[in-house]
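User: I am new to this structure and would like a close look at one part of it, followed by a connected account of what surrounds that part. Please explain each term as you go.

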Amino acid sequence: MKRFERQTILPDFGTAGQEKLARAKVLVVGAGGLGCPSLLYLAAAGVGTIGIADGDSISESNLNRQTLFGQNDIGKPKAETAANILQQKYPDVNLNVIPQFLTPQNAPEVLEEYDLILDGSDNFGTRYMINDLCVLLQKPLIMGAIYQYEGQLAVFNYGERPINYRDIYHSPPQSSEIPNCSETGVIGVLPGIIGNLQAAEAIKLLSGLGKVLTNKLLFYNLKTSGFFEVNVDPNPESVKSIPQDLESFRRKNYEITCGLAESISWEKAFDWSRNLESSKLIDIREAGEMPELDQPGIEKIPMSVLLQDQEQLESVENVLLFCKSGQRSENLAARLKELFPEKKIFSIAGGILDPSSPLNTRIHGT
Amino acid sequence: MELFKIKAFGLLAEKLQASEFDFPYHKDTEQLLNALKESHPELQSSKFSLAVDKNLVQQNTGLNGNEEIALLPPFSGG
């Protein structure tokens, strides 16, 4: 078979390297700007089994960088379309389509099947989720990510002193730290470069070729053609943020809402609601959620109501939202901020479960 | 007084309007970070890690003044 001749004649790759690739199972998360080039080169190189996980469908604005797809593919599902294209080109590759976005509930069963994961996702929530799951399942993970003209690359859970994403960035950014989650610009060739760097690391790691980029974070800048490599050590603290087992992983909420939600402490929220006339402190939990709160100064308007009808907020300048843990209120604050950019909309950090919540201390009778 | 050479990446370079700039000496990374955030308030709402001479900093680290500092934001795009 001549399909792989040009790589099997390489002395340090050889037929042994090729056989290792043929036996390998690789999952690519996201068939987008990073996934398209890495999928193409992994399949071309002869990786035996490739999984493609993406719940999105192709839109016209994807075409500058998602090079597996063309004008005729607009509207089609990404994972299935990518698999069809690759299968037609390379009938010897075994392709699995996972036509969904990965969630803490469905991801463990999907990832378990594979030897190596490539993260080509486009949001922090998925990045932290895949990282944590790969730590739990002890799967090597090749992370690629881009921003406008720059990219970053790292290999996690591999080598003698394995690192993971949380050794570099301990916790996800708050939604207030992500200025604009809507599509930012990107020059199409940039994810082509970073996605191919991911494919190169994958081929090295699987075949034993060369030296894998372990314990490093690599930056690439397209405008300056500059590479910048940073050494990264494992940080014992980072493990504390990763769920201890699959059961707690499945229960963890990795969603990060985009927008401009700002959080506020209980102390400040009470101070504002008492002293600023145009402030409203709102319990957004749904009717019937326990414990019931009847403190003066707290209004009850469930999130489901506020999403439909914001009339009650018309005259309010400072909106202070809380829920049980602070997650729903953060989500709602971000959405309301889009509707009312001129208002100050805050989510009370930690919700009523927060130790500093006066409501919490009252609930426990102290 | 010694000046640090500071490199900024991604969104931080955009916010600071410079991918490389000089900054006054501070004796450790904690003080340097506080001073940076004070003189560039736009950094307060940003998440980033810090490298000293291309080594990622995970705890407060002493500085001489001739180190190269890098401000490294996470990227999320794919």
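User: In which loop of chain B does B:Asp53 lie?

Analyst: B:Asp53 lies in the loop between β3 and β4 of chain B, where helices (H or I, at least four residues) and strands (E, at least two) are DSSP runs numbered from the N terminus. The model is a predicted one, in which local features need pLDDT of at least 70 and side-chain atom pairs count only at pLDDT 80 or more, while totals for chains, interfaces and linings use all residues. Residues are numbered from 1 along each chain as its sequence is written, and chains are lettered from A and ligands numbered from 1 in the order in which they are written.

Although B:Asp53 is not a glycine, its phi is positive, at about 50°. The residue counts as partly exposed because it has 13 C-beta neighbours inside 10 Å; a residue is buried if 20 or more other C-beta atoms lie within 10 Å of its own, exposed if 12 or fewer, and partly exposed in between, with C-beta atoms placed from the backbone. Chain A offers a second case, since A:Gln148 is likewise not a glycine and has a positive phi of about 55°. A:Gln148 sits in the loop between β5 (141–147) and β6 (150–156) of chain A, and it is partly exposed because 19 other C-beta atoms lie within 10 Å.

The strands on either side of B:Asp53 lead on to the contact between the chains, which takes 19 residues from chain B and 33 residues from chain A; two residues are in contact if their C-beta atoms, placed from the backbone, lie within 7 Å. On the side of chain B that touches chain A, the elements giving two or more residues are α1 (10–16), β3 (49–52), β4 (55–56) and β5 (68–72) of chain B. By class, this side of chain B has 8 nonpolar, 9 polar and 2 charged residues, where Ala, Val, Leu, Ile, Met, Phe, Trp, Tyr, Cys and Pro count as nonpolar, Asp, Glu, Lys and Arg as charged, and the others, Gly among them, as polar.

Elsewhere in chain B, B:Phe4 is found in strand β1 (residues 3–8), and it is partly exposed because 19 other C-beta atoms lie within 10 Å. Not counting residues up to four places away in sequence, B:Phe4 touches B:Asp22, B:Phe23, B:Tyr25, B:Gly65, B:Glu67 and B:Ile69. The C-alpha atoms of B:Phe4 and B:Leu63 are separated by 9.7 Å, with the two positions 59 residues apart along the chain taken as their distance apart.

Turning to chain A, helix α2 (residues 14–23) and helix α8 (residues 189–207) pack at an angle of about 105°, with their axes 8 Å apart; axes are lines fitted to C-alpha atoms, for helices over the stretch in contact, and angles run from 0 to 180 degrees between N-to-C directions. The two helices, α2(A) and α8(A), are therefore roughly perpendicular to each other, a description used for angles of 65 to 115 degrees, whereas angles under 35 count as roughly parallel, over 145 as roughly antiparallel and the rest as oblique. A:Gly17, A:Lys20 and A:Leu21 of α2(A) make the contact with A:Ile203, A:Leu206 and A:Ser207 of α8(A), and these residues divide into 3 nonpolar, 2 polar and 1 charged.

The largest nonpolar core has 91 residues, of which A:Val26, A:Leu39, A:Ile52, A:Ile117 and A:Ala202 touch the most other members; such a core is a set of buried Ala, Val, Leu, Ile, Met, Phe, Trp, Tyr and Cys residues joined through C-beta atoms within 7 Å. With 8 residues, α8(A) gives the most to this core. A second, separate core of 23 residues includes A:Trp266, A:Leu281, A:Ala334 and A:Ile352.

Strand β10(A) is mostly covered, as 5 of its 5 residues are buried. A:Ser279, A:Leu281 and A:Asp283 on one side of β10(A), and A:Lys280 and A:Ile282 on the other, are all buried. β10(A) pairs in the parallel sense with strand β12 (residues 318–322) of chain A over 5 bridges, two strands being paired if DSSP finds at least two bridges between them. Within that pairing, A:Asn318 in β12(A) is the bridge partner of A:Ser279. β10(A) also runs parallel to β11(A), with 3 bridges joining them, and A:Lys300 in β11(A) is the bridge partner of A:Asp283.
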